[in-house]
Amino acid sequence: MLQPAKFSLITPLRALRESIARHADVASRKLVNDIDAALFHADSGESRKLIIGLFGGTGTGKSTTLNRLLAREQSPVTASSFKRTFTAGPVAIVADPADLPSDWLGMKHAVLAEDALPARGNSDSLVVARVPALASQRIILLDTPDLDGDQPQHHQLADLTFRWCDAAVFVVSPEKYQMPELRPYFRLAARYGLPALFVMNKADSQEQVSDCRTRLAEYLSIDSAALPLFAIARDDSTWQPPPEVDLPELRRAIARLRLADAPVHLAGVRTRVLDLLGRLRDQVIEPMRSTRQRAKVCAERLLLLNQIGPGIDVDPMTRQLRKRMQERSVLYLMGPGRLIDRLRGAPALLSRLPRSTWNLIRGKSKSAESVLATAVPAITETVPDFRATAVDQFRVSQARIADVLEASGFADDSASWRLDPELAGRIIDDELANLRKFLEERWTKSPRDTLILFRLLKFLPGGEKLAKATEAAPYLLVLACAAHH
C-alpha cells in the first residue's frame, strides 16, 4: 500500500475538498463524498482489512448470497425478501467493529447487537453487524441497496458504497446479467484497478452461465476464460454448477482477494482524481459559469428598467412656495423682473381693483398666516393622487422584474423579493407629510439673498428704509427712459 508521504495528490485533494464543501448543491455534495473516497484509497495503510461490497440489481439475491457465503442460511445475518428494494442502506459484516475505519463511507456507524439480526439497512447510517466467524479472514463484507431500484436514494447509497470499497462482487441472475445499470460499474471496477468477481445466482443450466460469461467478457474486452465468474444454482433446480465455479470455490476466491499492486493502485487513484476533475468541470464549474452569465444579462435588463421607469412630479406642491420666495426677495423687488410680472398681471389687477381697494380700506388685507392657511391646503387639494400612482407603478415594476427573471432562466421565487405594494403607498404618505411640513416651515421665512442684504444694510443708518425705497427703482427707470425718448 502507498504511504501518504509518497502520494503527491493527497494535499491538493484535501484543498479541493475544502473548496467544494462550501457549496450546498447536490452535485457538490456528491463530489465531496467521492473525494473523501479517493482520499481513503490514497491515504489508507496496509494493516486494515479488505472491504468487499456485493452489488447487483433488484431480485438478484445479494443478501441471500452473502448469507450463504457466511453459512448463515438458517440464521441470516442480513434480511432478505422477495420485496423490491428491501435493503434500504449498506450493511457491513465484520468480526470486530473496530476493524472498520470510523470515518468509512462518511456516515455514522450503527453497531447492532447479535440478537438484533438479521440486519436491515438504514438510509442515514451504516449498519454494522458482528459475525465472529470472520475473525479468521482479513475481509469485511458489505450488503448494498439495489443499483436499479425505483428509489433514487437507494441507488445513490449503492454508488457511494462502490466508490469506498476495495473490491467488488457483482451478483447477477439469468434475467439480469445484461442489465444496463450494472455495466458502468463493471467498467469502473476495471478502470480504478478494483479486484472484481462475478456471480450468477439462481442459475438453471450451464448454457446460462456460458452465455453470461461470453457477454461479460465481450463488454469488458477480456478473454472469457479469464473472467472470474461463479455460479449458484436456483433452489429448485436439478442442475448444479461445476466444482471450479460453485459456492465453496467462490468463498475461497473471496478469501484470496487482495489489493491491487502498488503501480495499479496508484494508477487507479489517479484515474479517480481525473474523473473527479472532469465531473467538477461539467457538473459544478460550467453550471456556475452559465449561471453567472445569465445573472449578468439579468442585471443589465433590470438596469434598463430603472432607466425607463416613470417618475412622480411634485412641482405643483412647490410652485407656489417658489413664487412666495420670489415675492419676498429684495433682488427681485429691485429688478426689472418685478415690473414685467406686474405688467403681465395688470388686466387681472384692474378687474379686481374695486374689491381689493375696498378690502384695503377696511383693513382686511390677508396676512402671511392666512395665506399659508389657504394656499397650502389648496395646493394639496389640486395635486395628483401620488399614493395611487406609486402603488400602480410599483405593481408594474414588479411585473417587469418577474418577466426579466423568467426570460433569464431564473425561478420566480416571489416570496424572496416581492414587497407589498401598499408599502409603497405608506412611503408616499410619509414623504408627502414631510414635504408639507417643509412647505409650512419655509412659507414665512425670507429668501437667502434678502437675509444677506439686510445683514449688510443694518450697519447703515436708515438701511432698511433705503432697501424699501429702491423697490421703486424699476418704475423710475421706465419713466426716465420714456421722458428722454
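Guide: Welcome! Let us begin with a cut-off: a residue counts as buried when its relative accessible area is under 20%, and as exposed when that value is over 50%. Keep in mind that this is a predicted model.

Visitor: Why is Leu105 called buried?

Guide: Its relative accessibility is 1%. The cut-off for buried is under 20%, so Leu105 counts as buried. You will find Leu105 in the loop between β2 and β3. Leu105 also has a positive phi of about 75°, although it is not a glycine.

Visitor: And what makes Ala71 count as exposed?

Guide: Here the relative accessibility is 57%. Exposed begins over 50%, so Ala71 counts as exposed. Ala71 sits in the loop between α3 and β2 (91-94). Like a signpost after the helix, Ala71 follows α3 and has a positive phi near 55°, although Ala71 is not a glycine.

Visitor: How do you know whether Asp34 is buried or exposed?

Guide: We use the cut-off again: under 20% is buried, and Asp34 has a relative accessible area of 6%, so Asp34 is buried. Its place is in helix α2 (residues 26-43).

Visitor: Which residues does Asp34 touch, not counting residues up to four places away in sequence?

Guide: Asp34 touches Arg163, Leu276 and Arg279. Contact here means heavy atoms within 4.5 Å.

Visitor: Why is helix α3 said to be largely enclosed by the rest of the structure?

Guide: Count its residues: seven of the eight in α3 (residues 62-69) are buried, so the helix is largely enclosed. The buried ones are Lys62, Ser63, Thr65, Leu66, Asn67, Arg68 and Leu69.

Visitor: What makes strand β8 largely enclosed?

Guide: In β8 (residues 229-233), five of the five residues are buried, so the strand is largely enclosed by the rest of the structure. In a regular strand the side chains alternate between the two faces of the sheet. For β8, Leu229, Ala231 and Ala233 lie on one side, Phe230 and Ile232 lie on the other, and both faces are covered.

Visitor: How do you know that β7 and β8 pair?

Guide: Two strands pair if there are at least two bridges between them. Strand β7 (residues 196-203) and β8 have five bridges, in the parallel sense, so by that rule they pair. As one example, the bridge partner of Phe198 is Leu229 in β8.

Visitor: Which other strands does that rule fit?

Guide: Try strand β1 (residues 50-56) and strand β6 (residues 167-172), which run parallel and are joined by five bridges. Gly53 stands opposite Ala168 in β6.

Visitor: Why is β8 called an edge strand?

Guide: Look first at the whole sheet: eight strands form an open sheet in the order β3-β4-β2-β5-β1-β6-β7-β8, with mixed pairing. The edge strands, β3 (109-111) and β8, each pair on one side only. From one strand to the next, the twist averages 25°.

Visitor: What do β7, helix α6 and β8 make together?

Guide: They make a right-handed β-α-β unit, with α6 covering residues 206-220. The right-handed label is given because, with the strands pointing away from the viewer, the path from the first strand over the helix to the second runs clockwise.

Visitor: How do you know that α15 and α17 meet, and at what angle do they cross?

Guide: The axes of α15 (residues 386-407) and α17 (residues 421-443) come within 8 Å and cross at roughly 145°. Their crossing is right-handed. Among the residues making the contact are Phe386, Ala390 and Phe394 of α15, and Pro421, Ile428 and Leu432 of α17. By class, the contact has eight nonpolar, two polar and five charged residues.

Visitor: Where is the cis peptide bond?

Guide: It joins Leu117 and Pro118, with omega about 5°. Pro118 lies in the loop between β3 and β4 (126-130).

Visitor: How many helices and strands does the protein chain have?

Guide: There are 20 helices and eight strands. Of the 485 residues in the chain, buried residues make up 39%. Among contacts between residues at least 6 apart in sequence, 76% join residues at least 24 apart.

Conventions: Residues numbered from 1 in each chain as written. Predicted model: local features only at pLDDT ≥ 70, side-chain atom pairs only at ≥ 80, totals over all residues. Heavy atoms only, no water. Axes fitted to C-alpha atoms, helices over the stretch in contact; angles between N-to-C directions. Helix = DSSP H or I, 4+ residues; strand = E, 2+ residues; numbered from the N terminus. Left-handed = near helix turned anticlockwise from the far one by under 90°. Nonpolar A, V, L, I, M, F, W, Y, C, P; charged D, E, K, R; others polar. Buried < 20%, exposed > 50% of the residue type's maximum accessible area, 1.4 Å probe, protein only.
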